[in-house]
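Have the chain open beside this text. The walk goes from the sheet outward to a helix, and then to the ligand.

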Amino acid sequence: MNPDQASVRQQAVLQELGVDVWVRRHPEGEDVSAEVAVRASHVPTDIDAGDWSALNQTIRACTACELHRSRTQAVCGVGNENADWLVIGEAPGADEDRQGEPFVGRAGQLLNEMLRAAGRPREHVYIANILKCRPPDNRDPKPEEVECCMPFLQRQIALLQPKLILVVGRIAAQNLLQTDTPIGKMRGRIYSYGDTDIPVVVTYHPAYLLRSPGQKRKAWEDLQLAMGVTGEQG
Ligand code: SF4
């Protein structure tokens, strides 16, 4: 696909998204180097050695925190296990808990549109959450639950070795990047994951964008930043 074709395709998708202005946030040559190192906790050896199948089996059987009591099922992750983009959200909601897949329902559809606009259809990326089990009534994850569950995400990252992590929503971003910074201030920069040089870009959660469609333009700016990291034109 040549750049003009890509541009036409993206414009069509952006119209669907309700984004009518393209703004390139980081012009050529602007320094967007890694600014925050992420603390990565230790991955237990039993999941450190296995493949995707072994990891997913371990997640499905996990009872390490209280969330296993109220879940319908653990939601491991979905997508291309050779993807170069990893999308990380917060935790399963009611639809995800029922269907066993992250980002389904209306928020999932919007995420799909966002990814398509970025030239990365859902089936070309891998999608996972910080927590693999649904918190009751969609409450925020407790720190101890995140602590228990984080090794699974760390193993997913180790297996995938993505070229980019797109982290969506305040809870996911703050937990992954170990910060209390408001999401509005986290956007527009490129972070690095743990002691790796895997770039991390932060954007809004699609559920928030459904409530606040006026922020979609900023989400598009974030996607353009992410696309720039992996070599695509925004
Ligand atoms: S949320 Fe994570 S740590 Fe807690 S039971 Fe589910 S898989 Fe295990």
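**Through the sheet to the ligand**

Strands β1 and β3 pair over two bridges, in the antiparallel sense. Across that pairing, V78 stands opposite I127 in β3. This is a predicted model, and what follows describes that model.

Step back to the whole chain for a moment. Its secondary structure comes to 10 helices and six strands. The chain has 234 residues, and 50% of them count as buried. Consider the contacts between residues at least 6 apart in sequence: 75% of these join residues at least 24 apart.

Now the sheet itself. Six strands form an open sheet with mixed pairing, in the order β1-β3-β2-β4-β6-β5. Its edge strands are β1, residues 78-79, and β5, and each of them pairs on one side only. In general, strands of a sheet pair through backbone hydrogen bonds, either parallel or antiparallel.

Move from β1 to β3, which spans residues 126-129. Which faces of β3 are covered? Both are: Y126 and A128 are buried on one side, and I127 and N129 are buried on the other. I127 is thus a residue to follow twice, as a buried position in β3 and as the residue facing V78.

Next comes β2. It pairs with β3 in the parallel sense, over four bridges. Two matches place the strands against each other. I88 has A128 of β3 as its bridge partner, and G89 stands opposite N129 in β3. Strand β2 is mostly covered, with five of its five residues buried. Both of its faces are covered too. W85, V87 and G89 are on one side, L86 and I88 are on the other, and all are buried.

On to β4. Strands β2 and β4 run parallel and are joined by four bridges. Here W85 has L164 in β4 as its bridge partner. W85 also belongs to the buried set of β2. The next step has a parallel run again: four bridges join β4 to β6. Within that pairing, L166 finds its bridge partner in V201 of β6. The strand order then closes with β5, after β6.

Leave the strands for helix α7, residues 170-177. How many of its eight residues are buried? Seven are, and the helix is mostly covered. The buried residues are I171, A172, A173, Q174, N175, L176 and L177. An α-helix has 3.6 residues a turn, so residues three or four places apart point the same way. What do the buried residues of α7 pack against? Four strands are among their partners: β2 (85-89), β4 (164-168), β5 (191-192) and β6 (199-203). Two helices join them, α6 (143-160) and α8 (183-186). Just after α7, Q178 takes a positive phi of about 55 degrees.

Helix α8 offers a contrast in K185. This residue has its place in α8. Is K185 buried or exposed? K185 counts as exposed because its relative accessibility is 61%, and the cut-off for exposed is over 50%. K185 and V202 are 17 residues apart in sequence, and their C-alpha atoms are 9.8 Å apart in space.

Turn to α6, where F152 lies. F152 has a relative accessible area of 8%, so it is buried; the cut-off is under 20%. What does F152 touch, residues up to four places away in sequence not counted? It touches I47, L55, T58, I59, C62 and K132. F152 and L131 are 21 residues apart along the chain, with 8.8 Å between their C-alpha atoms.

F152 also leads to the ligand. Where does the ligand sit? It sits in the largest cavity. Which residues surround it? C62, A64, C65, L67, H68 and R71 are among them, as are K132, C133, C148, C149 and F152. By class, the shell has eight nonpolar, one polar and two charged residues. C62 and K132 appear around the ligand, and both are also touched by F152.

Terms used: Residues numbered from 1 in each chain as written. Predicted model: local features only at pLDDT ≥ 70, side-chain atom pairs only at ≥ 80, totals over all residues. Heavy atoms only, no water. Near = heavy atom within 4 Å. 1 Å grid on protein atoms, 1.4 Å probe; cavity = no way out; pocket = protein on both sides within 12 Å on 5 of 7 lines; lining within 4 Å. Sits in = over half its atoms within 2 Å of the grid points. Nonpolar A, V, L, I, M, F, W, Y, C, P; charged D, E, K, R; others polar. Buried < 20%, exposed > 50% of the residue type's maximum accessible area, 1.4 Å probe, protein only. Contact = heavy atoms within 4.5 Å. Pairing = 2+ DSSP bridges.
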